[in-house]
Amino acid sequence: MYGGDEVSAIVIDVGSYSCKAGYAGDDTPKAVFPSVVGSIEQTEGTNDSKPEKEGDPAPDSKNGAKPMDVDKAKTKRKLYVGQELEFRRDHMEVISPMKDGTVTDWDIVDTIWNHAFRRRLLINPEEHPMLIAEPSTNTAQQREKAAELMFENYKVPALFLAKNAVLTSFASGRATSLVVDSGGGSTVVSAVHDGFVLQKSVATSPVGGEFLTDCMMKSLESKGVVIRPRYSFKKKEISPGEYKIVDLDLPNTTESYRLYCMRAIASDIKESVCRVPDTAFDEVAYANVPTTSYELPDGQTIEVGADRFKIPDILFNPALSQTIPGVDGFSDATPVRGLQRMVIDSVNRCDVDIRKELFSNILLSGGSSSILQLKERLEKEVLEESPQAARVKVMASGNSVERRFSVWIGGSILASLGSFQQMWFSKAEYEEHGVSYIQRKCP
Amino acid sequence: MANAASGMAVADECKLRFLELKAKRTHRFIVYKIDEKKKMVVVERVGEPVLGYDDFAASLPANECRYAIFDYDFVTQENCQKSKIFFIAWSPDTARVRSKMIYASSKERFKRELDGIQVELQATDSAEVGLDVIQGRAN
């Protein structure tokens, strides 16, 4: 039991693409920043980045934010989070703490949390209860690790771990639903019944927003489009209103940083022009669709034609990505299913009695759910493959903010309820029962 | 206990009215609401046995969530008088997110207090709690 009504709780959702953090009770998260960090390996004794700095035209010395030093003896690396990532640094690699939707590098998560609390929300974590949203696929060990970090490193007064799918389902007013969460790094389908995630129903796929972005980038490259990352050139005004692009030579930029910057542009192209086709994509039929123009940061304008429809269709037909030159194939170990197949398989792994209800309560959430026409197409595809008697209904909040942040919003409301205060896993309980008690308090 | 349950308590009256409906059949329906200040589920309205489905449907607000119990009388094909007790989680799409979240996260705990529910429905618009749906689920 934790009785701290007077200080507001903090809600944090570290996704594979972005981290959302803010105060419980708010409508939207205060801080949203990338879940990846920049890392520079530190060699012992000598600071070898110094001599190169003189020749470095990147404005990182002017940048007001001081890099946070999380240099620990064992890792010997400097991590840069949030806005610090926007400045190119020599030898800085971009790394992600997640792989396939689960955390693999806790050091980075720790850095991200720290950044969110101390630099973005400007709070002392020792004073605020924390509600953490976690993926349905988290194992017991991962939950305990998260709890231990929170209590030991941040000394939080109370903690709660809530499952993404449950928060999304509740925020839409449903205790029973099939949650299709298409995020950045992966897409997860999970059935929720009376507030429980049915673990055997959880289906995951690596096809998420980032994969689509990569496909978009590779496809444009194969057509001869050169995406210049913003850091790699300077715009010079030669006469009023007329600019000249000057390429900069930055040999120490890492490949991962270059890719990170190019992805940011490709992602914007994707968000600006793509829409899901009404029926399965067909190369011939779409050969002559009207193109849409898009202006790249360096001023060149590109025309996007069939890719507008082809890229989003990969969600339904992942094999389509293999027709794009340069896109890595999926590992053979786990066949990658299309969205409609995942939905059907997930429902079929649930009890017969609730299947009908799941079919009529499919909830679409996550960043990729904002692609135009996704809802309509998913409904159509599922309807074709579902049993005759089932009434298929796919729902997505009409408000794109609610769709993107449904998990966070659910957590925000929950943690702000007066009645919820008794549900927290408190520091006292942690000290008395140990970390494994989290499994009982937050099942 | 469900993951992410709200911890909302249930007023004794909720159970009492339900038992009356179940055992003595003194109500046609009961509408419950959540009182956030009191941190508990309370009875908002009870309907007399003479009232019918239409009166019940009219007592569900268009833009707010509620829980409801409805005692449905019907005649089977074998000409047998029967009744079924429905539990309805009313959560219209037009309701505020906060309201939806509170009702959904309190439902499991609340439902457990009412022993004797025969059919459960979750409805987001009036069509999903229509008389035809109730008829269909009763059989």
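**Helix 6 of chain A**

Select residues 255-273 of chain A, which form helix 6 in this predicted model. Colour the buried residues of this helix: Tyr257(A), Tyr260(A), Cys261(A), Met262(A), Arg263(A), Ile265(A), Ala266(A), Ser267(A), Ile269(A), Lys270(A) and Val273(A). Helix 6 has 19 residues, and the distance from its first C-alpha to its last is 27 Å. That span is close to the 27 Å expected at 1.5 Å a residue.

Against which elements do the buried residues of helix 6 of chain A pack? Add strand 6 (93-95), helix 5 (209-222), strand 17 (292-295), strand 18 (301-304) and helix 7 (307-313) of chain A to the selection, and the packing partners are on display.

**Strand 9 and its neighbours**

Next, select residues 130-134 of chain A, which make up strand 9. Five of the five residues in this strand are buried. In a regular strand the side chains alternate between the two faces of the sheet. In strand 9 of chain A, Met130(A), Ile132(A) and Glu134(A) lie on one side, while Leu131(A) and Ala133(A) lie on the other, and both faces are covered.

Now show residues 10-14 of chain A, which are strand 1. Strand 1 pairs with strand 9 in the parallel sense, over four bridges. To locate the pairing, find Ile10(A), which stands opposite Met130(A).

Then add residues 158-163 of chain A, which form strand 10. Strand 10 also runs parallel to strand 9, and five bridges join the two. One pair to pick out is Glu134(A) with its bridge partner Lys163(A) in strand 10. Follow the chain from strand 9 through helix 3 (residues 140-152) to strand 10 of chain A: this β-α-β crossover is right-handed.

**The nonpolar core**

Which residues have the most contacts inside the largest nonpolar core? Select Leu131(A), Leu159(A), Ala162(A), Leu178(A), Val343(A) and Ala68(B), which hold that place in a core of 145 residues. The largest share of this core, eight residues, comes from helix 6 of chain A, where the tour began.

Centre the view on Leu159(A). Leaving aside its neighbours within four places in sequence, Leu159(A) is in contact with Pro129(A), Met130(A), Ala147(A), Met150(A), Phe151(A), Trp424(A) and Phe425(A).

**Helix 12 of chain A**

Move to residues 406-416 of chain A, which form helix 12. Is this helix mostly covered or mostly exposed? Helix 12 is mostly covered, with 11 of its 11 residues buried. Among them are Trp408(A), Ile409(A), Gly410(A), Gly411(A) and Leu414(A).

**Where the two chains meet**

Show both chains. Here 29 residues of chain A are in contact with 27 residues of chain B. Strand 10, helix 4 (164-171), strand 13 (196-197) and helix 12 of chain A each supply at least two residues of the side that touches chain B. The largest share of that side, five residues, comes from helix 4 of chain A.

**Two residues with positive phi**

Most residues other than glycine have a negative phi. Select His91(A), which has a positive phi of about 60° although it is not a glycine. His91(A) lies in the loop between strand 5 (77-80) and strand 6 of chain A. His91(A) counts as partly exposed because 15 other C-beta atoms lie within 10 Å, a number between the cut-offs of 12 for exposed and 20 for buried.

Then select Asn79(B), which also is not a glycine and has a positive phi of about 65°. Asn79(B) lies in the loop between strand 4 (66-75) and strand 5 (81-90) of chain B. Asn79(B) is exposed, with 6 other C-beta atoms within 10 Å.

**Each chain as a whole**

Finally, zoom out to chain A, which has 14 helices and 21 strands. Its C-alpha trace spans about 65 × 60 × 45 Å along the principal axes. A compact globule of 443 residues would have a radius of gyration near 22 Å, and the 23 Å of chain A agrees with this. Of the 443 residues, 46% count as buried.

Turn last to chain B, with four helices and six strands. From the N terminus on, its elements run β-α-β-β-α-β-β-α-β-α. The radius of gyration of chain B is 15 Å, close to the 14 Å that the globule rule gives for 139 residues, so chain B is as compact as a globular protein of that length. The C-alpha trace of chain B spans about 45 × 30 × 25 Å along its principal axes, and 37% of its 139 residues count as buried.

Note on methods
Residues are numbered from 1 along each chain as its sequence is written. Chains are lettered from A and ligands numbered from 1 in the order in which they are written. This is a predicted model: local features need pLDDT of at least 70, side-chain atom pairs count only at pLDDT 80 or more; totals for chains, interfaces and linings use all residues. The expected span of a helix is 1.5 Å times one less than its number of residues. Two residues are in contact if their C-beta atoms, placed from the backbone, lie within 7 Å. Two strands pair if DSSP finds at least two bridges between them. A crossover is right-handed if, with the strands pointing away from the viewer, the path from the first strand over the helix to the second runs clockwise. The radius of gyration is taken over C-alpha atoms; the globule rule is 2.2 Å times the number of residues to the power 0.38. A nonpolar core is a set of buried Ala, Val, Leu, Ile, Met, Phe, Trp, Tyr and Cys residues joined through C-beta atoms within 7 Å.
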